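Work through the exercises below with the structure open. Each task is followed by a worked solution.

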Amino acid sequence: MELRGDYGSMRPDYTVDQDWSAYSAADHETWRLLLRRQMRLLPGHACAAFADGVAALGLTDRIPRFDEASAILERATGWRIVAVPGLLPDAQFFEHLAGRRFPVTVWMRRRDEIDYLVEPDLFHDFFGHVPLLLDPVFADFLHAYGTRGRVAAGAALRRLARLYWYTVEFGLLATPAGLKAFGAGLLSSRSELVHAVTDPRPLRVRFDARRVMSTDYRIDRFQETYFVLDGFDELYATLSEDATQPGDLDYAPGERAPGDALATLPALASVA
């Protein structure tokens, strides 16, 4: 896949400047449309920590300035945003996370891409990811994830990618108020957010680190399996040496594994 971002002016660490003045009226309008429709979905679909983060960032109808958001993050959890042209190689991505720097793409999708695009853009990266960096437990996990990934290779790196996909991008939480999303791929998507939280068809499995890292995923359709955590503290055990070792089997998306504890709607009762 040919990457869309402009990598010509990037620094050796893949960062660029956010030239906020270069955003067009159409860019701001696309941000406004996406923001307003996702904000309408947050009640009933998003976890409380994400909603609290959105409120703390004070998002408006204008594309946010990364330096202003970084000031809020640094005071709360020591994180800051770095502007990047788009997708990063693994080494640079993990290096930024290990340094409590979250990479956010500088370009906005076009209006005709409002519902789907192949690469993550500014809206996905900022709206989907940045609010949870204000949660201390989640912020510390993501830092530990970057530190672990910085020294991983081969199969361990592939398993860490699966962990990120099924938690940071597409994770769900079981809460007293019901099933809620915390993954950025869900929270930045109108259709998959509703699908993941309310549709009875997907396989929803109680979180288990080895099970998550043994499960393949697809990028071209809604997820067929979602993993449900009771809290962000469960994520820390996933970074142990044992958890990232290859298991006996790899499971296809949507495939049920022996011993799965399923989270069922609407009560989220665990069943064998």
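The exercises concern a predicted model and cover a helix pair, aromatic rings and one glycine.

**Exercise 1. Classify the packing of helix α4 against helix α6 by the angle between their axes.**

Solution. Two packed helices are described by the angle between their axes and by the distance between the axes. Helix α4 spans residues 90-98 and helix α6 spans residues 136-149; the angle is about 140° and the axes are 7 Å apart. Angles over 145 degrees would count as roughly antiparallel, and 65 to 115 as roughly perpendicular. The angle of about 140° therefore makes α4 oblique to α6. The crossing of α4 with α6 is left-handed.

**Exercise 2. List the residues through which α4 and α6 meet, and sort them by character.**

Solution. On the α4 side the residues are F94, L97 and A98. On the α6 side they are L142, H143, Y145, G146, T147 and G149. Sorted, the residues of this contact give five nonpolar, four polar and no charged; glycine is counted as polar here.

**Exercise 3. Determine the geometry of the aromatic pair W31 and F123, and state whether each residue is buried or exposed.**

Solution. The count of aromatic pairs comes to 19. In the pair of W31 and F123, the ring centres are 5.3 Å apart, with 70° between the planes. Planes over 60 degrees apart count as edge-to-face, so this pair is edge-to-face. W31 lies in helix α1 (residues 25-41) and F123 in helix α5 (residues 122-129), 92 residues apart, so the pair links distant parts of the chain. Buried means under 20% relative accessible area. W31 has 0% relative accessibility and therefore counts as buried; F123, also at 0%, is buried.

**Exercise 4. Repeat the analysis for F138 and F182.**

Solution. The ring centres are 6.3 Å apart and the planes stand at 70°, so the pair is edge-to-face. F138 is in helix α6, while F182 is in the loop between β4 (178-181) and α8 (184-187); 44 residues separate them. Both F138 and F182 are buried. They belong to one aromatic cluster with F93, F94, F141, Y145, Y164 and F232.

**Exercise 5. Describe the surroundings of G128.**

Solution. G128 is found in helix α5. Its relative accessible area is 2%, so G128 is buried. Leaving out residues up to four places away in sequence, G128 touches F50, F123, A184 and S188. G128 and S188 are 60 residues apart in sequence, yet their C-alpha atoms are 5.1 Å apart.

How values were computed. Residues are numbered from 1 along each chain as its sequence is written. This is a predicted model: local features need pLDDT of at least 70, side-chain atom pairs count only at pLDDT 80 or more; totals for chains, interfaces and linings use all residues. Side-chain values use heavy atoms; hydrogens and water are left out. Axes are lines fitted to C-alpha atoms, for helices over the stretch in contact, and angles run from 0 to 180 degrees between N-to-C directions. Helices (H or I, at least four residues) and strands (E, at least two) are DSSP runs, numbered from the N terminus. Angles under 35 degrees count as roughly parallel, over 145 as roughly antiparallel, 65 to 115 as roughly perpendicular and the rest as oblique. A crossing is left-handed if the near helix is turned anticlockwise from the far one by less than a right angle, and right-handed if clockwise. Contact means heavy atoms within 4.5 Å. Rings of Phe, Tyr and Trp (its six-membered ring) pair if their centres lie within 6.5 Å; planes under 30 degrees apart count as stacked, over 60 as edge-to-face and the rest as tilted. Buried means under 20% relative accessible area, exposed over 50%, partly exposed in between (1.4 Å probe, protein chains only).
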